[in-house]
Amino acid sequence: MTTTELAIDREYSTAELIALEEQYGAHNYHPLDVVIERASGAWVQDVAGRRYLDFLAAYSAVNQGHCHPAILRAMMEQAQKVTLTSRAFRNDQLPLLYRDLHELTGYEMALPMNSGAEGVETALKAARKWGETVKGIAPNQAEILVASGNFHGRTIAIVGFSSDAQYRAGFGPFAPGFRAVSFGDIAALERAITPNTAAFLVEPIQGEAGIIVPPDGYLAAAAALCRKHRVLLIADEIQSGLGRTGKLFAFEHEGIRPDVVILGKALSGGYYPVSAVLASREVLGVFQAGDHGSTFGGNPLACAVARAALRVIQDEGLVARSAELGAYALERLRGVRNARVREVRGRGLWLAIELNEAARPVCEALQQRGVLCKETHATVIRIAPPLVIRREDLEWGLDQLEAVLTA
Ligand SMILES: *Cc1c(COP(=O)(O)O)cnc(C)c1O
């Protein structure tokens, strides 16, 4: 194989950029054909200069809005000082992120990683080791229960317990020790718990499954069962957390306190991947030096960004904003009644419209009208704009949605 020098950048058209991506990139996504080159708040702009309202917010990673100036400032300042030390040495930002996470959530300890999937893997490792060393499960016997319809990321261990056939197909063999129980079914959870059960991993509201809100009381009953049988309750709040559902964490809707909480997505403010596992000293204390790690986990740039991202959520009252704007949007969408709409559901500014038909053409029609949505599964449209969205922009976006759905 021969190589030539890298090409000089010039202005590329939408079609050229799409062609390059299709030719040279792996086709593991099916994006809408909009090529974004800049963004601010709830709006993005494509290479042709067209503006769109963002109704996805990068799967809730930009709850604070695109290119938030306060997070940008923190990132620029930190990028000029030190970006990566590795955890072979200490840095001056990680202790402050630990303090902020503790003060905001009350959890005793945290462990920082990069992607959400790594956060989930970390929580699973902690749960297994807690199972062996604290609960007394025999070596290599710890079991972890998960919910049907779950989405926790794309590593081999995680897709191994997915109920989505496509996520698994071709990727086996998978790690043993995981068992799925029907989401929302407390009797099924009780039946599945054995003396070897170390943890129950669950999304308080299932995001990728289509914003599935479990029956009232389910999480509270699951928390009580877990306590009774000494099983760790692990809440994956990577998408539902940090304000998305109108509470800081979705588990608060049921007044519970999981043993372990996983954060990601909006912890980054959209700037720089950062995830974290929060838990008690009893749980995260199982990790000894050398047990687990990540070259980039806890790096000072990530920590500075995450601290600023948390501060924006607090200072701008984004949790209350999500509750208020979400209630308004839900009421409006419930008013759209026709044969195409099967159900409207959600919490906070995290809504789903389940259709009786394919959702993709609706998303494409919305794109034509200047609103970006992405279908989840075949028939669900997810509405999850940045939480900073202005009320009049939200109203305009919902107008477009109504127009498409009633066309
Ligand atoms: C997005 C997501 C993940 C995975 O996060 P990545 O950063 O994509 O690895 C895990 N759990 C939930 C609930 C998610 O929504």
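**Exercise 1. Find the handedness of the crossing between α12 and α14, then work out how these helices run relative to each other.**

Solution. Start with the handedness: α12 passes α14 in a right-handed crossing. Keep in mind that this is a predicted model.

Next, look at the axes. Those of α12 (residues 318-334) and α14 (residues 391-405) come within 11 Å and cross at roughly 25°. Angles under 35 degrees count as roughly parallel, and α12 and α14 are therefore roughly parallel to each other.

Now see who does the touching. On the α12 side you'll find Arg321, Glu324, Leu325, Tyr328, Ala329, Arg332 and Leu333, and on the α14 side Arg391, Leu394, Glu395, Leu398, Asp399, Leu401 and Glu402. Sort the residues of this contact by class and you get seven nonpolar, seven charged and no polar ones.

**Exercise 2. Helix α11 meets both α3 and α4. Work out its direction relative to each.**

Solution. Take α3 (residues 69-79) to begin with. Its axis and that of α11 come within 9 Å, crossing at roughly 160°. Anything over 145 degrees counts as roughly antiparallel, so that makes α3 roughly antiparallel to α11. The crossing is right-handed as α3 passes α11.

In this contact, α3 brings Ala70, Ile71, Ala74, Met75, Gln78 and Ala79, while α11 brings Pro300, Leu301, Ala304, Val305, Ala308, Ala309 and Val312. The class count here is 12 nonpolar, one polar and no charged residues.

Then turn to α4. The axes of α4 and α11 (residues 300-315) come within 9 Å and cross at roughly 30°. That angle makes α4 roughly parallel to α11. As for handedness, α4 and α11 cross in a left-handed way.

The α4 residues involved are Leu94, Leu96, Leu97, Arg99, Asp100, Leu101 and Leu104, and they meet Cys303, Ala306, Arg307, Leu310 and Gln314 of α11. By class, that contact has eight nonpolar, one polar and three charged residues.

**Exercise 3. Describe the second largest pocket and say what lines it.**

Solution. Begin with the volume: the second largest pocket holds about 530 Å³ of space. It has 23 lining residues, and Arg87, Tyr98, Ala110, Leu111 and Phe287 are the closest to its centre.

Which elements give two or more residues to this lining? They are α4 (94-105), β4 (109-113) and α10 (281-284). The biggest share comes from β4, which gives five residues.

Finish with the classes: the lining of the second largest pocket splits into 11 nonpolar, eight polar and four charged residues.

**Exercise 4. Two spots in the backbone deserve a closer look: Pro173 and Ser60. Say what stands out at each and where it sits.**

Solution. Go to Pro173 to start. Is the peptide bond from Gly172 to Pro173 cis or trans? It's cis, with omega near 0°. To place it, look in the loop between α7 (165-168) and β6 (178-181), where Pro173 is found.

Now move to Ser60. This residue is not a glycine, yet it has a positive phi of about 75°. As for its place, Ser60 is in helix α2 (residues 57-60).

Note on methods. Residues are numbered from 1 along each chain as its sequence is written. This is a predicted model: local features need pLDDT of at least 70, side-chain atom pairs count only at pLDDT 80 or more; totals for chains, interfaces and linings use all residues. Side-chain values use heavy atoms; hydrogens and water are left out. Axes are lines fitted to C-alpha atoms, for helices over the stretch in contact, and angles run from 0 to 180 degrees between N-to-C directions. Helices (H or I, at least four residues) and strands (E, at least two) are DSSP runs, numbered from the N terminus. Angles under 35 degrees count as roughly parallel, over 145 as roughly antiparallel, 65 to 115 as roughly perpendicular and the rest as oblique. A crossing is left-handed if the near helix is turned anticlockwise from the far one by less than a right angle, and right-handed if clockwise. Contact means heavy atoms within 4.5 Å. Ala, Val, Leu, Ile, Met, Phe, Trp, Tyr, Cys and Pro count as nonpolar, Asp, Glu, Lys and Arg as charged, and the others, Gly among them, as polar. On a 1 Å grid over the protein atoms alone, a cavity is a set of points where a 1.4 Å probe fits but cannot get out, and a pocket is an open set with protein on both sides within 12 Å along at least five of seven lines; lining residues have an atom within 4 Å of a point. Grid points are joined across faces, edges and corners, and a volume is the space filled by probe spheres set on the points.
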